[in-house]
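Colleague: I'm new to this and would like to know how you back up the words you use. Could you take me through the model step by step?

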Amino acid sequence: MRVCVVGIGVMGNGIAQLCAHARHETSIVGRSKESLERGLKNIQSSLSVFVKRGEIRQEEVDSILKTIRAGATMNLEESAGNADFVIEAVYEDLELKKKLFRDLDRICPDHTILASNTSTFPIITLATVTERPDKVIGTHFMNPPLLVRGVEIIKSLMTSVDTVQMTNKFVRSLGKEPIEVKDSPGFVVSRMICLVMNEAVRMHEEGVASVEDIDKIAKLCFNWPMGPFQLLDLIGIDIVAAVLNAMYNETGSERFKPALLMTQMIRAGWTGRKAGKGFYEHR
Ligand SMILES: NC(=O)c1ccc[n+]([C@@H]2O[C@H](COP(=O)([O-])OP(=O)(O)OC[C@H]3O[C@@H](n4cnc5c(N)ncnc54)[C@H](O)[C@@H]3O)[C@@H](O)[C@H]2O)c1
């Protein structure tokens, strides 16, 4: 299959690797020469880890890199113009994604499926800017795409059965397990995990337990690899609050309203690891 991945950041470069590794003819579209080079470098260093572990041969890596490098471009028409499946993984910005879906609809052949990796935006909003709403779907890969086994498949009201079936088949070809969900605010993954993080902050506000102890409970009692506050710092408190706000605006339900402490920390600039300070200090 000819696959085109648009946006070569954290998620895009992992998804492109998966596609090339599965022997799909894979091209990538970056915003600038620098972002393309950075993406290719990240792909190369990530693949070299598999070589060191003996899971893949150097020749295979060379051929994967050759495929991706040959299809690396800043020109959407060049890359998406003959694609069978396009995965959009640009910034979480609705206007940017809508523009891209309009362009992809104009550029791509009629049969092409247009998938978005959005964590929050309604798939129907992207579908309705195109003339092929039945071929628009959500493929929510998690971070890091190479390691997380499940992929949420989001069907809008207008996504056709054929599109869902072909997407499931494609996702399985990457060694992943597709899980179908309805197009609803936050889907399942973002809704579930953001509510857990919000509740953890609220419990801390109420003095139920400290940040460290709530994380300790998650790790020692649930066997989670990290606690909700560590996860908040990793993802970014501003990002989690934005997802909660999107669900709050869509549903009006108070449970999605970000805890006050989160809002205040964002105002203070304490947004997590990237800022050097969040619920923990990061050096
Ligand atoms: N990072 C995560 O943990 C995670 C997990 C699941 C889903 N997502 C979703 O995946 C998507 C991508 O997230 P990310 O974390 O990879 O973001 P990122 O910031 O790492 O990368 C976004 C990339 O998009 C590129 N870009 C922007 N406009 C572009 C354009 N017009 N054409 C081509 N490239 C363009 C940027 O140069 C950048 O490389 C978002 O919708 C996000 O919500 C992210």
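Colleague: How far is an oxygen atom of the ligand from an N or O atom in the side chain of Asn143?

Modeller: Keep in mind that this is a predicted model. The distance at Asn143 is 3.3 Å. A polar contact needs a pair of N or O atoms within 3.5 Å, so this pair counts as one.

Colleague: What makes Asn117 and Arg31 polar contacts of the ligand?

Modeller: Same test. A polar side-chain atom of Asn117 sits 3.0 Å from a ligand oxygen atom, and for Arg31 the value is 3.3 Å. The cut-off is 3.5 Å, so both pass.

Colleague: Which residues are closest to the ligand, and how many surround it?

Modeller: There are 21 residues around the ligand, and the closest are Val10, Met11, Glu92, Lys97 and Ser119.

Colleague: Back to Asn143: what kind of peptide bond joins Asn143 and Pro144?

Modeller: A cis one, with omega at about -5 degrees. Most peptide bonds are trans. As for where to look, Pro144 is in the loop between S6 and S7.

Colleague: What about Phe187: what is its phi?

Modeller: Phi of Phe187 is near 50 degrees, a positive value, and the residue isn't glycine. Most residues other than glycine have a negative phi. You'll find Phe187 in the loop between S8 and helix H8 (189-206).

Colleague: On to the sheet. In what order do the strands come?

Modeller: Eight strands make an open sheet, running S3-S2-S1-S4-S5-S6-S7-S8. Strands S3 (72-73) and S8 (177-182) are at the edges: each has a single partner strand, so one side of each has no neighbour in the sheet.

Colleague: Why is the pairing called mixed?

Modeller: Strands of a sheet can pair either parallel or antiparallel. Here, S6 and S7 (residues 150-155) pair in the antiparallel sense over three bridges, while S7 and S8 pair in the parallel sense over six bridges. For single bridges, look at His140, whose partner in S7 is Glu152, and at Lys155, whose partner in S8 is Lys182.

Colleague: How do you know that S2 and S3 pair?

Modeller: Two strands pair if there are at least two bridges between them. S2 (residues 25-29) and S3 have two bridges, in the parallel sense, so they qualify. In one of them, Val29 is matched with Thr73 of S3.

Colleague: Which strands does helix H5 lie across?

Modeller: H5 (residues 94-107) lies across S1 (2-6), S4 (85-88), S5 (113-116) and S6 (136-140). The angle to S5 is about 165 degrees. Angles over 145 count as roughly antiparallel, so that word fits H5 and S5.

Colleague: Why is H10 called roughly perpendicular to H11?

Modeller: The axes of H10 (residues 228-235) and H11 (residues 237-251) cross at roughly 95 degrees and come within 6 Å. The range for roughly perpendicular is 65 to 115, so H10 fits that label against H11. Leu232, Asp233 and Ile235 of H10 meet Ile237, Ile239 and Val240 of H11. By class, that contact has five nonpolar, no polar and one charged residues.

Colleague: And what makes H9 and H10 roughly perpendicular?

Modeller: The axes of H9 (residues 211-221) and H10 cross at roughly 105 degrees, coming within 7 Å. That value falls in 65 to 115, so the pair is roughly perpendicular. From H9, the contact has Val211, Ile214, Asp215, Ala218 and Lys219; from H10, Pro228, Phe229 and Gln230. Sorted by class, that's five nonpolar, one polar and two charged residues.

Definitions and conventions:
Residues are numbered from 1 along each chain as its sequence is written. This is a predicted model: local features need pLDDT of at least 70, side-chain atom pairs count only at pLDDT 80 or more; totals for chains, interfaces and linings use all residues. Side-chain values use heavy atoms; hydrogens and water are left out. Axes are lines fitted to C-alpha atoms, for helices over the stretch in contact, and angles run from 0 to 180 degrees between N-to-C directions. Helices (H or I, at least four residues) and strands (E, at least two) are DSSP runs, numbered from the N terminus. Angles under 35 degrees count as roughly parallel, over 145 as roughly antiparallel, 65 to 115 as roughly perpendicular and the rest as oblique. Contact means heavy atoms within 4.5 Å. Ala, Val, Leu, Ile, Met, Phe, Trp, Tyr, Cys and Pro count as nonpolar, Asp, Glu, Lys and Arg as charged, and the others, Gly among them, as polar. A residue is near a molecule or strand if one of its heavy atoms lies within 4 Å of it. A polar contact is a pair of N or O atoms within 3.5 Å; within protein, one must be able to donate a hydrogen and the other to accept it, and residues adjacent in sequence count only if both atoms are side-chain atoms.
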